[in-house]
Amino acid sequence: MAELDIGKHCQVETCNLKVFFICIFSLEHRNRDSHTCKEVGIIEQIKSTSYPCSFQGCSGKEVICLQCQKHFCLTHRHQSDHECEKLEVAKPRMAATKELVQKIVESKEGQKPKGRRGAKNSETAAKVALMKLKQQAVGDKGLPQMERTYFQVYLPKESKDLCKPMFFCSKWSVGKVVDYAASLASLKNNNNVLSAKKLRLCHPLTGEAFQMDDTLQSLLTLSESPLYNGGNVILEYLENDLTSLNDVSEYITLK
């Protein structure tokens with residue numbers, strides 16, 4: 001095996017030992033006076049550029065703190081050792097987590113819930129209300145149970161009643177549902193008069209008026225904002241040029 005060749009030979013002519021000092025001389029000749037050192041000026045210059053430790057009462061030299069840019073000895077080089085003015089104390093883990101959660105909550109405040117969440121809430125509420133509606137709703141008793149669709153029907157503002165539970169055939173068109181609901185609630189229905197306001201069936205969340213030729217079955221199977229068996233619908237008179245309600249909250253108070 002080849003010998004490891006590191007270090008340099010002592011530069012004194014009569015000495016051939018290998019050394020690892022800044023001045024390349026053996027242990028015997030390492031002192032600058034013993035080898036007539038030519039680097040004395042350089043060494044002294046390096047010494048003259050050193051800095052005292054900035055920590056009060058310490059005479060050591062010299063490491064730069066990367067945070068406050070002051071010079072400290074090895075003993076005081078860490079921020080905590082020299083009471084660094086730029087020291088950031090780490091927060092306890094739970095406190096930091098709590099602060100993060102609080103920021104997330106604050107960022108969400110004031111935001112409107114997304115449509116899908118509203119739809120999910122409506123679906124759940126409809127399932128809960130369906131059993132009660134089946135006991136209270138009025139409609140054509142001759143309809144087969146499998147074809148019945150139940151709604152809490154919110155009536156026009158001018159009506160004396162706020163709402164009325166009703167059931168309809170899922171195969172009926174919206175136009176037929178409107179006519180039948182108007183007769184059950186004793187509402188004026190001038191849908192066959194061209195210049196009159198039209199009684200329209202509207203979505204309980206969006207306020208959109210449904211097309212008269214749509215079927216209930218198609219509205220129950222919409223991919224977005226469907227109606228629900230046991231849910232709510234709104235009946236209201238709209239001008240001929242309007243296709244939706246201005247504010248559904250005037251009819252339905254969500255709890």
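1. A convenient place to start is a pair of residues that face each other across two strands: L199 stands opposite Y237 in β8. The strands concerned, β7 and β8, pair in the antiparallel sense over five bridges. Please keep in mind throughout that this is a predicted model, and that every value below is computed from it.

2. It helps to place these strands within the whole chain, whose secondary structure comes to five helices and eight strands. Read from the N terminus on, the elements follow the order β-β-α-β-β-α-α-β-β-α-β-α-β. The chain has 255 residues, and buried residues make up 32% of them. Its accessible surface comes to about 18400 Å², and 53% of that surface belongs to carbon and sulfur atoms. If one takes the contacts between residues at least 6 apart in sequence, 44% of them join residues at least 24 apart.

3. Strand β7 deserves a closer look, for it is mostly covered, with five of its five residues buried. In a regular strand the side chains alternate between the two faces of the sheet. In β7, K198, R200 and C202 point one way, while L199 and L201 point the other way, and all of them are buried. A student may wish to note that the buried residues of this strand include K198 and R200 as well as L199 and L201.

4. Which residues does L201 touch, leaving aside those up to four places away in sequence? The contacts of L201 are V174, V177, V178, E208, A209, F210, V233, I234 and L235. Of these, V174, V177 and V178 are buried residues of α4.

5. The largest nonpolar core has 29 residues, and within it V153, F168, L187, L201 and L235 touch the most other members. The elements that give two or more residues to this core are α3 (115–136), β5 (148–154), β6 (163–169), α4 (174–184), β7 (198–202), α5 (216–220) and β8 (231–238). The largest share, five residues, comes from α4. In soluble globular proteins, nonpolar side chains tend to be buried together. Apart from this core lies another one of nine residues, among them C202, A209, L245 and I252.

6. The helix α4 can be read from its buried residues, which are V174, G175, V177, V178, A181 and A182. Seen down the axis of α4, these buried residues fall within an arc of 160°, so they line one face of the helix. An α-helix has 3.6 residues a turn, so residues three or four places apart point the same way. The buried residues of α4 pack against β6, β7, α5 and β8.

7. Strand β6 is one of the elements against which those buried residues pack. Five of the seven residues of β6 are buried, so the strand is largely enclosed by the rest of the structure. Strands β5 and β6 pair in the antiparallel sense over seven bridges, and Y154 stands opposite C163 in β6.

8. Between β6 and α4 there is a loop, and S170 has its place there. Is S170 buried or exposed? Its relative accessibility is 10%, so S170 counts as buried, the cut-off for that word being under 20%. Leaving out residues up to four places away in sequence, S170 touches E147, T149, T215, L216 and Q217.

9. Two serines have backbone angles that a careful reader should look at. Most residues other than glycine have a negative phi, and most peptide bonds are trans. Just after α4, however, S186 takes a positive phi of about 55°, and this residue lies in the loop between α4 and β7. S186 counts as exposed because its relative accessibility is 67%, and exposed means over 50%. The other serine, S225, has a positive phi near 50° and is placed in the loop between α5 and β8. With 33% relative accessibility, S225 counts as partly exposed.

10. A last point concerns the cysteines. A disulfide is a covalent bond between the sulfur atoms of two cysteines. How many disulfides does a search of the whole structure find? The search finds zero. C169 is buried, with a relative accessible area of 4%, and C202, at 0% relative accessibility, counts as buried too.

Terms used
Residues numbered from 1 in each chain as written. Predicted model: local features only at pLDDT ≥ 70, side-chain atom pairs only at ≥ 80, totals over all residues. Heavy atoms only, no water. Core = buried A, V, L, I, M, F, W, Y, C linked by side-chain atoms within 4.5 Å. Buried < 20%, exposed > 50% of the residue type's maximum accessible area, 1.4 Å probe, protein only. Helix = DSSP H or I, 4+ residues; strand = E, 2+ residues; numbered from the N terminus. Contact = heavy atoms within 4.5 Å. Pairing = 2+ DSSP bridges. Arc of directions from axis to C-beta. Disulfide = S-S within 2.5 Å. Areas by Shrake-Rupley, 256 points an atom, 1.4 Å probe, with all protein chains shown as cover.
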